Amino acid sequence: MYSRTKLTSIHLLVISITILFFRTDLTLAEQRLQVQLSYAPNVSAPLQRNPSKVRVDLETKEVTARLADGVDYNFWTFGGTVPGPMIRIMEGDEVEFHLSNHPFSKMPHNIDLHAVTGPGGGAASSLTAPGHTSTFSFKALNAGLYVYHCATAPVGMHIANGMYGLILVEPEGGLPPVDREFYVMQSDFYTKGEYGEEGFQPFSMEKAIDEDADYVVFNGSVGAMVGDRAVRAKVGETIRLYVGNGGPNLVSSFHVIGEIFDTVYTEGGTLPNQQNVQSTLIPAGGSAIVEFKVEVPGTLILVDHSIFRAFNKGALGMINVEGPDNSLVYSGKQADRIYLPEGGAIQEVAVANEEPAIPLTHEERLQRGQRIYEQNCAACHQMEGKGISGVFPPLANSDYLMQDLPRAVRVVISGLTGEIDVNGKKYNNIMPSQRLNDHDISNVIGYITNTWGNQAELLSAAEVAEIRAALANH
Ligand code: HEC
Ligand SMILES: [Cu+2]
């Protein structure tokens, strides 16, 4: 009896010590180092530390922003920018990755980091619905400069809309010190209108498939690194560029007019394997690190030397180098001003969503509906309403749509999952709910049920409101 009691108290002691240890362990886990993200063209400082347990928080967000002067585009982003922020970690780091998808997103997103060893580079564990956060962990086994991107179906479309960035895994001990580091990422965009056509431009799946890019840009928009937005350096400094290529399609012939790369780490590997290079190839979904010392003042021009892209599609950037002339290295006429075919005043185009003061005519409602369709639905159902076979059902001549208009309204308000049959074909995918007001829904439903051979009465905003109320009471 006595010994039993004794045993029990020892047990208790063991249990409480275990709890204590467990607690300590928990607190340690919470004390992970937060990785600081840097937004292009900026690069966060080299890491002065040993491999550690770190934490990365990244948010996916869909934003309408400037693609060129007078041209707006609905970008799908990491961190609200194109490219997404640069993540700087160290070889041997144990990374806990938190991917949040903003609640206003229309699409689910995930992340494939080329620096991750494991299924889908993290994509398999990070599919995240709007308003959710996914967490996964990995160990950074390989140093190098890697691309990350969204890998949610249709993958090409998520990348084409801007979902990529760079993750730098520093080798232990870091890279050799330089004076300035910049982050540059090239990518190509495909829009309904031609290059420079003003207004809101929806994504063109047809052009993306044909690899017929309207825009080829550095850091997400035409002119993102030009004029006032050019980066700066001083004569005598050594510059390191971390250059990525998000694609989705084009391979970059990366070149800096007026410089020679003293050192290139081709393909973003850790070996400084080439010297005295004029242009370096950067594959889509790949990178390069280039270094050069600037000897003379002036404007260095970053280009994709597949040169029509530079002067006709936007692939231009600038580094302004200040300091004393060095006529020994270079003397003569300074460069002319760079030719910017579509320069001029920035014209912001607001995406109006307010309700009309005067009731719209039938025709105006359909026009309005078309605009809402192009901004909110065409990405999936396509401009001509034909959908994408097996993934996004058609709206043109859709029996499912035309049989039951209140049901179509419910689909737009609440989204849709589960198997459905459209024109004799099965679809089993996810349509996210659409954040639209009752006027917009009545107009967009009006548009899709009166275009592409469809014909139906227009629902009023009041009828949509009733359907919404019935859904809420469900
Ligand atoms: C993110 C992609 C996506 C967006 C954006 C989207 N849909 Fe859908 N939609 C789908 C998918 C996927 C389905 C089929 C869901 C299923 O399989 O259960 C669907 C189904 C439908 C259907 C019923 C099926 C049919 O073909 O008739 C209608 C109607 C519809 N969507 C209308 C719209 C409208 C209107 C908008 C814009 C306000 C819109 N959708 C935006 C993906 C999308
Ligand atoms: Cu995505």
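**View 1. The shell around ligand 1 in this predicted model is sorted here by residue character.** Of the residues in this shell, 22 are nonpolar, eight are polar and one is charged. Altogether, 31 residues surround the ligand. If you would like a starting point for browsing, the closest are Cys377, Cys380, Pro393, Leu401 and Met431. Several elements each give two or more residues to the shell: the helices α6 (378–381), α7 (399–403), α8 (405–414) and α9 (438–448), together with the strands β23 (416–422) and β24 (425–431).

**View 2. Here is the largest nonpolar core, with 112 residues.** Leu166, Ile167 and Tyr242 touch the most other members of this core. Where does the core lie with respect to domain 1 and domain 2? Domain 1 (37–322) and domain 2 (362–472) both contribute residues, so the core lies between them. As general background, nonpolar side chains in soluble globular proteins tend to be buried together.

**View 3. This close-up is centred on Tyr242 and its contacts.** Leaving aside residues up to four places away in sequence, Tyr242 touches Val43, Met86, Leu145, Leu166, Leu168, Glu181, Tyr183 and Ile289.

**View 4. Five strands make up an open sheet with mixed pairing.** Following the sheet across, you meet the strands in the order β2-β5-β10-β9-β7. At the edges stand β2 (37–38) and β7 (112–113); each has a single partner strand, so one side of each is left without a neighbour in the sheet.

**View 5. Now we look at the pairing of β5 with β10.** Strand β5 (residues 86–90) runs in the parallel sense with strand β10 (residues 164–170), and four bridges link the two. Within this pair, Met90 stands opposite Glu170 of β10.

Methods: Residues are numbered from 1 along each chain as its sequence is written. Chains are lettered from A and ligands numbered from 1 in the order in which they are written. This is a predicted model: local features need pLDDT of at least 70, side-chain atom pairs count only at pLDDT 80 or more; totals for chains, interfaces and linings use all residues. A residue is near a molecule or strand if its C-beta atom, placed from the backbone, lies within 6 Å of it. Ala, Val, Leu, Ile, Met, Phe, Trp, Tyr, Cys and Pro count as nonpolar, Asp, Glu, Lys and Arg as charged, and the others, Gly among them, as polar. A nonpolar core is a set of buried Ala, Val, Leu, Ile, Met, Phe, Trp, Tyr and Cys residues joined through C-beta atoms within 7 Å. A residue is buried if 20 or more other C-beta atoms lie within 10 Å of its own, exposed if 12 or fewer, and partly exposed in between; C-beta atoms are placed from the backbone. Domain bounds come from an automatic or database domain assignment. Two residues are in contact if their C-beta atoms, placed from the backbone, lie within 7 Å. Two strands pair if DSSP finds at least two bridges between them.
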